[in-house]
Each structure stands twice: as C-alpha cells, then as structure tokens.
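Work through the exercises below with the sequence and the structure in view. Try each task before reading its solution.

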Amino acid sequence: MNEGRKEILQIIFILTGLVFLVKLFSIQVLDNKYAELADSNAILREVEYPFRGLIYDRNNKLVVYNTPEFDINVIRKDIKDFDSAKFCEVFQLSRTELRKKFQEMRARKEYSPYKPTLFIDRLSNAEFARVQDHLDEFPGLYVQARTTRSYTTTALANALGYVSEVSKGQLERDKTKIYKQGDYIGQSGIESFYEEQLRGKRGVKFKLRNVRGIEKGSFKDGDYDTLSVPGKDLISSIDIDLQQYGELLMKGKSGSIVAIEPGSGEILSLVSGPSYDPNLLTGRNYSSNFVLISNDTLKPLFTRPLMAQYRPGSIFKIAQAMTALQEGVIKPDTRIRCDRSIIGCHGNHSNEDLRGAIENSCNPYFHGVLRRMLNKGISDDPYEDTRIGLEEWNKHIRSFGFGSNLGVDLPNEKGGLIPNVAYYDRAYNNRPWKFSNIYSIAIGEGENLVVPIQMANFAAIVANRGFYYKPHLIKSIGEEGPLPQYKEKQFTTIDPAYFDIAVDAMERVVESGTGQYRAKLQDIIVCGKTGTVQNDPLPDHSVFIAFAPKDNPKIAVSVYVEDAGQGARAAASIASLMIEKYLIGQTKRPHIEQYVLNGQFLY
Amino acid sequence: MRKGVDIYGKLDWPTIFIYMALVILGWFNIYAAVYDETVSQSMWDLSLNSGRQLIFIAASIVIIMGIIIIDMRFYEAFAYVAFGIILFLLILVPIVGKEVGGNKAWLGIGSFGVQPSEFAKFITALAVAKMIGTVGFRMDNLRNQLMLFGLIGLPMVLILLQKDTGTALVFTSFIFVFFREGMSPFLMVVGICAAFIFILTLLIPNQLYLHGAIIIALALLIIFGKKKIKRISVLVVGAVIVMGVIESVDYVITDVLKPHQQNRVKALINPDADPLGYGWNVTQSKIAIGSGGFFGKGFLKGTQTKFDFVPEQSTDFIFCTIGEEWGWMGSFVVVALFMALLLRVIFIAERQKSRFARAYGYSVVSIFFFHFAINIGMTIGLFPVIGIPLPFFSYGGSALWGFTVLLFILIKLDAHRGQVLQRL
C-alpha cells in the first residue's frame, strides 16, 4: 500500500535541492545585476571637489578666493524617524518650504532613494555652522562640501565673470564629459576663458559603508581613488586699486575705461559702467540676483570695454595721419585749409600743418587727407580709384587692431568695423560710390565702429611707436607666464618713424590743444587725443585716449563716456585721473576728481 | 564498557560526519556574518555570536553523549510524558516568557533563555512516532487521523499564540510522515494544489485568466473523457471549488493574514514594488547572495552581510553569508550536504525495524526538509519570508540543540535497530 512513497518523498527533496541550485546559479552566476546592486549598496563614491584657482592682481593682492559652501544631500532610504518640526526649526524653513524641498528632490531626474540626492543647496559657512551640530539627529542627511567664489572687492565684476552650476545645454555640448550635473563652471569673463586652468581636477574616493551609511574603510585599499588637483592660480595684470578708482570715477555713468601697460599689453584696468557687485552672483541667492541684474535696463552684465561698438570720433585722426604719412600722400608739414563748407569744424584756426591739425582736431584737414588717400589717381575712373584707395587704407587701419577681434582673454569680444570695398558695395547695393559718399570715415564718424579696448590698444601702439602686444588680463597662469599668444609682438604697417609725429601732436593736444584744461598734469607729460562722437538726438559721447609719460610710457588709456558731451570734459578728466592714480598714486587735482564725481558734463 | 564500544561501532557515522560538517561550516559563517574588520575580534571572542555559538556546539556534544547513554527504550516510553511537559511549557511561555525580537517565545532561567518551541519539534516527533507505532494504529482510520492531527495541532496552536508563525508552520511538515505511513495522498495533493493555486492567483494579476483556464480545462476533460454523469458532476464541482479558492485568495490575503505577513507574500511576488519597505529583506538577501558570483568574495570579504544590509544575518538569513562569500560553489556544497543528510535520514528511517523508529526517522527528515526548503527558499526569493532557522547554520543555542537532539535520537534508535527484533 505504501509502495513508492519513499521514492516520491526522495524526488520531492531532490527536486527542491535542484531548483535551489538552478535559482542560485541564475542569480549568482548568470545575472550581474546583483553584483552591481551590491556595489552601489556598499560602495560610496565620494567626489572631492578641487579648489578653483585663486585670482590675484598684478601686485599679488588677492581678488578672488574660495569660501566653503555646503550642500545637504539626502539618502531617502536612510531617513529614519524624521522629525520634521525639529528639522524646520534647525534649518529655518516653513512647513510648506520643507514639503517643497522634498517634492523638488523627488522630481530630480537622478533621484534614487538609495543615492545621495541634493536636498538643500549652497548653505553658507555661517548657515552651516548653525545646523552642523544638529545633523546627526537626522539620519539620512549627508553633507557635501564644496567651494564658492568670494571677492575681496566689489570691483572688476565684468572682467572676472561669474561661476554657476553648469547648464543643461552646456552639459549636452560638453564633449569631454568632464562636467556632471550640479558642477560649477565659469560662465563669463576670466572664469569662463580660463575655466580649463581654474577648475582643477576632481578626485574620487571609493569608500565602503554599511547600511546606515557609516564608513567602513576604503574600497580595495584606495586603489581606485584619485586625488583632487586644485586649479591653477591666476595672476591678473589688473591693478586692483586703479580698477577700484576707475569704477569710482565711472559711478553713475555709462561707458568704459581701459588702461593698458604699453610695453606688455597687460590690461591695468577694465572698467565697465555700470557694473555690479560680483558677490551678488555667488552663493544661494545667485538665481534671484541674476534675474535682477540681467533684467536691469542699464545692462550691467554687458562688458562695454569689449562689447560696446562705438564710432571712434576724432581720436581716429591719429590713425588717419599715420596711414596718410605711410602712403606718402602728406608730409608732416603739409598744410590743408580749414574749409568748413564741406565739413564743420571748431576752434580758431585756418591753415594748419599735420601737428596743428591734430592739436585742433581739424575736420576739414582730415577730410582732405582721406581724399588724398582714396583718390591717388591710380585709376582715371573716380569710382575705381576710390576702391583701390579704400582697400589700401583699410589694410593700414586694420593693422592697428581695428576692425576685428584683438584676441583679448575674455569671451564675447567684439571686433568693431572698418569698412572696405565689399562693405560699401553691400551697403550701396552695388550701386556706384566714391569718396564723396564715404568721407565721414575720415574723422572717425560714418561706418567706423571700434570697441574701447581697441582705442586703448591704439594709444598703446602710439606710445610704443608702432607695435603692440595683444591686450590681456592674465599675466601669469600659476608660474607659467601668460598664454603664448600674448608674448608675440604685433606690428602695424606704418613706419615707426612716423609715430614720433603722432606723439608730438598728442603731446600738444594736452599741452595747448583741446585737452589742455583737464588732461594736463604737473610733472608728467601726457599725450592724448580728444574725441566727441555725434550721438543725435542724445548728447555726444565723450572720448579720450592718452598715454604717459611721453618717453618710456607706462600707461595707455582709453575713456569712453556715453552721452557726456565733449571729449575734453568727462573723458579727458577721467583718463588723466587714471594716469595720475597709476603713476603717482593719487591725484593732485581734487577739483578735477570732484568734477568727474559730480558728473555734470553738459553745460 | 563493552556496551559502550559496541554502540560506538553501530552509530551511523556518515550522518554524524554530515552533521559535523554542517555545524563547523555554520560556525565559520556566523563569525563571517558578524565580522567587523575595524574591530578585528577573534572567532573565539565570547562577546561575538561566533564565540557563543562555540559554547552551544560544545554543549551539543554533551547533549549527544547524554542521548547515546540513555536507554533507547526511554524515548518511546516517555514520549507522551515529554509531550505533556512541553505543552505545559508552551502554555507557560506567553505568561512568564520574555520577549525577544517581537516574539514572546523565550523562557528565561537567570540570564539564560531557551525557546521551548525549538524543543517542541523533536518531542512532538517522538509523540507522533509513538502514536503511529502503537499496535493497531491505522492511518486510514478517521479517528486515528484526527488524533494525529490533534497531536501536531496542540503545539502548533500554542506556538501560534506566541506569534511565532514560522515555527508553528514547521509542524505542517508532519504531513510527509503521515503520507509515508499510509495516509491517503489526497490530503497532501490537495494541500500542495491549494498552495499552488494560491500563489498562481497572486502571480497572475487578472483572475479572469485563471478562471478561463479552468473552464477550458474543464471543457477539455468533459469532451475527451468518459461522458458519465458522475464524472462530469465531480469535475464541475471540483472546478467550482477551485474557482472559489481563487476568489477567496483576496479575502485570505487582506483579512486572514496580518499586515506584515501580507507584505511578505507580496514581496515574494514582486519584491521590486517596494524594495525599501516590505521588499527590503528579500531584495537585500538576493543582492547579497547574487553578488557572490561563482566562487564568492572570499571568507570575511562579504560587504552586504557584514555591513548590515541583510537583516538577521547570523540567524534566519545566514545563508546570505554563504552565498556572498562562497558563491555558487559554497551554496552548492551546503545544498548538497543538506541533500545528503535528508537522503541519508530517509535511508536510515527505511531500515528501521519498528514502525515507531521509522515514523520518527521520517519526522526528522520532514522537519529538516521544511527548515531547509523554507529558509533557503526565502533568502533567494522563492518563498515568503518565514522566520525559521537554517538547521546547524543559524546562530542560537535552542535551535542547535533542538536539531541536534532531533537527529541524534534517530541515530541512537538506529544504533539499536537490531535489538527491536530481539525484543519481539
């Protein structure tokens, strides 16, 4: 009756054993999922954020540094007995804010209850100190320390740029795959241009941890760990004191000041007015502040020295003079009658030579100079003749760094415009044009567009008597010196001998010409040129370029003040104050300083 | 003295070797499960589970010697008395017992606690064997059947009162004994079918599919079988009953099972539904075992068990340590050792001359099988989580001693199997 029952039981037992072995084989050997899950369970990948490189000014004064900031991450599965009332009290959140934080956390794409997810971001040092002691009361909270940018002054915001979380678009464009969501990246200015040097290298530590997230030593004795490498420090060419002074002078004005050391191309100051406090674009309030600043109608984020394209005005006459001398169409003693019937002029003069024409900024003189350049009589056809002359002219003018990007070490630099044949053909829609159509470029008006840094560079070229180094803001990356392109001398197409004439003329502008009232300094020979750029219906723009001292110049400046009237007033005052500040340390002309600070230039 | 030498030679050494292998492997694994690299305690450290387990193992040797020395007739003779005593203790537990881990299953003697339920297993086995071995006991007799079910039912109910569902369920394993001793297979088949349908119902979300399958099967059976009224009506009634069972599953799940038990069943079906909540144990246990690979991570190299990802890692989930540190090879060895033990015990049971000894042998194998199947089955996600130990591996004195006594009474009875004939 009980035959075979033993066998039935044996079969049940053996089958059970076999089923177990097959199942074990499938989860242990065939399926890798579990091994991966085990790793993600027990191996904590801890990112060590590198210190971003610091930025110093040319006198080794610290300008940009890092301060710690703390992200609070949450591993949801580690949260136990969460006391939300206590949490709200410690973190100074309302109930609704807390609920919103949780919702935001869960909404994140990378959210997983097993992994640390960002919960509260960018606590400042002070805020963190307040919550630090309470952190162990909330299991599941983990602190990720990193650094944010801090600034020793409120100056230089536009040139420095800012750092913020890498955007979605940037992540998609990033072919190197260096950046991860939540990483910081330089978004503009030096921070963006030198991102590669500043960012350093992230380190990763693999740590074992138990189910409560408590560390249990390093994984495989740290064989897979990498150390973080701090970013390189940058030595800026900026003189931060001069920069601050420049920003003080530009307060309440729109425009820019650029100062360059002619012998090296190092930018001494780069003032953009109006600007903003760089500290606003760091830390937790970055987003709200950014909206405020970028919506400001005065466009404080717009870096005018590099991006604002203006007509240069009369300062352009120096370049015209150099070009004409090089082309041999005039001599220094060439006199041209101040015939005000074609083009207006000012001041009391009638038949100047070149130096006198520059000193008095004589418009008809330069109208005549350009006519000689563009209509040299190479062709009998006046139209064709102008075309040939214009191309020659364009080549010389461009060699001063006008008309294309200078290659400054900042993003978003604009090149301006120096018209050529193709440009006018386009502008006149292939209808014929000749000198009489385009003569206003003679005095820096018309189609010419120049950015302020090109004007300062031009002043440096004259100061150097014919060459320049590309202007740059970083004189040394760590100890390595500047980027290689900033060590190459750039030459103009003009014979250096002609520049002494320009220097003499510019000296006379300040000594006895248009600049004599506000640009002249007691002990230093300043060479300058005023410009007053038409800006109908608004007041003219006030422009001044200068360098000093005359021999062995140490500083070249361009100042552009929008809607401020004659170049001899606002711009000349500011430029001379900058020179004084840089060369002497302080102004001996408090009344000029006061005049600039008052800002009443139109009368 | 002669008698001592005699019995030494008659002991079933293969079983004893398997036992020793299991116990020693178990001890190593308990050390591995609680090993903390940063503390570096030795295996012998008495503050560790492994150190204490060594004491329990030493005590087991004393117990084994006691079992061997005691006259074999004692076990049959005092089976009912022992059963009475254990019932009394089981009644006592809920009243004076101390609570450990949510279950009130412990009786304290000073600082030392024992679980009467662990000992109830072998005592009930003895009582069941004695009843079956009674002259004139017939398995097909309804009254006898009821008496048997009463015998296993009593301790079951008392243990259920301690809320120790797992241990209580162990007593259902006596069904195998009844089957072997001649009870109609109907009960076992119905039981297995019911469990099968129950799980199928849970696995298939839409019960209409099941009902459809049953109706199709019914139709096929009617069409292709003999078309007798009686056969057809039996089939129809059977189908209706099965469909009723299916419909009752929801009711059972939601109303009969306690929430934590419901979750354990749900976790079995879909552990990924809530891997952090009720699916945690099964998920983590599978991760630990699954991460072992073919050769394992090596002794003391496991991360999942050591870092507390797996709960109860030195007791109910001890198999995770084996799976993680020794891989499939280690799992194979352990499963093979258990298979060897089970088959060897069947072999021993079958060679018994008395019905008492044979029935006891089958009780032993049934209890071991149940523990083995349920415990490993739950760690690899084949059974719901039922908290019962893996014999000889799980940490704990009461369990080890209970299983040791269970096995060695059989070895003792087996050693004297020749004497039974002499007595007759």
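The exercises that follow concern a predicted model.

**Exercise 1. Find the order of the strands in the five-stranded open sheet of chain A, and explain what sets strands E12 and E18 apart.**

Step 1. Going across the sheet, the order is E12-E11-E20-E19-E18 in chain A, with antiparallel pairing.

Step 2. E12 (266-273) and E18 (527-533) of chain A are the edge strands; each has a single partner strand, so one side of each is left without a neighbour in the sheet.

Step 3. On average, neighbouring strands of this sheet are turned by 5° against each other, direction ignored.

Step 4. Look at one pairing in detail. E11 (residues 255-261) and E20 (residues 555-561) of chain A run antiparallel and are joined by six bridges. Within this pairing, A:Ile260 is opposite A:Ala556 of E20(A).

**Exercise 2. Identify which strands of the sheet are touched by helix H20 and which by helix H21 of chain A.**

Step 1. Helix H20 (residues 499-511) of chain A packs on the sheet and touches E18 and strand E19 (541-548). The direction of H20 makes about 70° with that of E18(A).

Step 2. Helix H21 (residues 570-583) of chain A also packs on the sheet, where it touches E11, E12, E19 and E20. The direction of H21 makes about 150° with that of E20(A).

**Exercise 3. Describe the interface of chain A and chain B: its area, its contacts and the elements of chain A that take part.**

Step 1. Begin with the residues: 37 of chain A are in contact with 51 of chain B.

Step 2. The buried area between the two chains is about 3900 Å², and carbon and sulfur atoms give 75% of it. A:Phe13, A:Phe20 and A:Gln28 supply 19% of the area that chain A buries against chain B, more than any other three residues.

Step 3. Turn to the polar side. Zero salt bridges are found across the interface of chain A and chain B, while seven residue pairs are in polar contact.

Step 4. On the side of chain A that touches chain B, the elements giving two or more residues are helix H1 (5-30), helix H2 (33-42) and strand E8 (203-209). H1(A) gives the most, with 19 residues.

Step 5. By residue class, that side of chain A has 22 nonpolar, seven polar and eight charged residues.

**Exercise 4. Locate the cis peptide bonds before A:Pro274 and A:Pro549, and the positive phi of A:Gln92.**

Step 1. From A:Gly273 to A:Pro274 the peptide bond is cis, with omega near -5°. A:Pro274 is in the loop between E12 and helix H11 (286-295) of chain A.

Step 2. From A:Ala548 to A:Pro549 the peptide bond is also cis, with omega near -10°. A:Pro549 belongs to the loop between E19 and E20 of chain A.

Step 3. A:Gln92 is not glycine, yet has a positive phi near 55°. A:Gln92 is placed in the loop between helix H3 (84-91) and helix H4 (95-107) of chain A.

**Exercise 5. Trace the pairings of strand E3 of chain A with E2, E5 and E4.**

Step 1. E2 (residues 55-56) pairs with E3 (residues 62-74) in the antiparallel sense over two bridges, and A:Ile55 is opposite A:Val64. Their hairpin has five residues between the strands, and A:Asn60 there takes a positive phi near 60°.

Step 2. Eleven bridges join E3(A) to E5 (residues 141-151) of chain A, again antiparallel. A:Thr67 is opposite A:Thr148 of E5(A).

Step 3. E3(A) and E4 (residues 117-124) of chain A run antiparallel and are joined by five bridges. A:Asn73 has A:Leu118 as its bridge partner in E4(A).

Conventions. Residues numbered from 1 in each chain as written. Chains lettered and ligands numbered in written order. Predicted model: local features only at pLDDT ≥ 70, side-chain atom pairs only at ≥ 80, totals over all residues. Heavy atoms only, no water. Pairing = 2+ DSSP bridges. Helix = DSSP H or I, 4+ residues; strand = E, 2+ residues; numbered from the N terminus. Axes fitted to C-alpha atoms, helices over the stretch in contact; angles between N-to-C directions. Contact = heavy atoms within 4.5 Å. Buried area = accessible area lost by both parts, 1.4 Å probe. Salt bridge = Lys/Arg side-chain N within 4 Å of Asp/Glu carboxyl O. Polar contact = N/O pair within 3.5 Å; in protein donor to acceptor, adjacent residues only side chain to side chain. Nonpolar A, V, L, I, M, F, W, Y, C, P; charged D, E, K, R; others polar.
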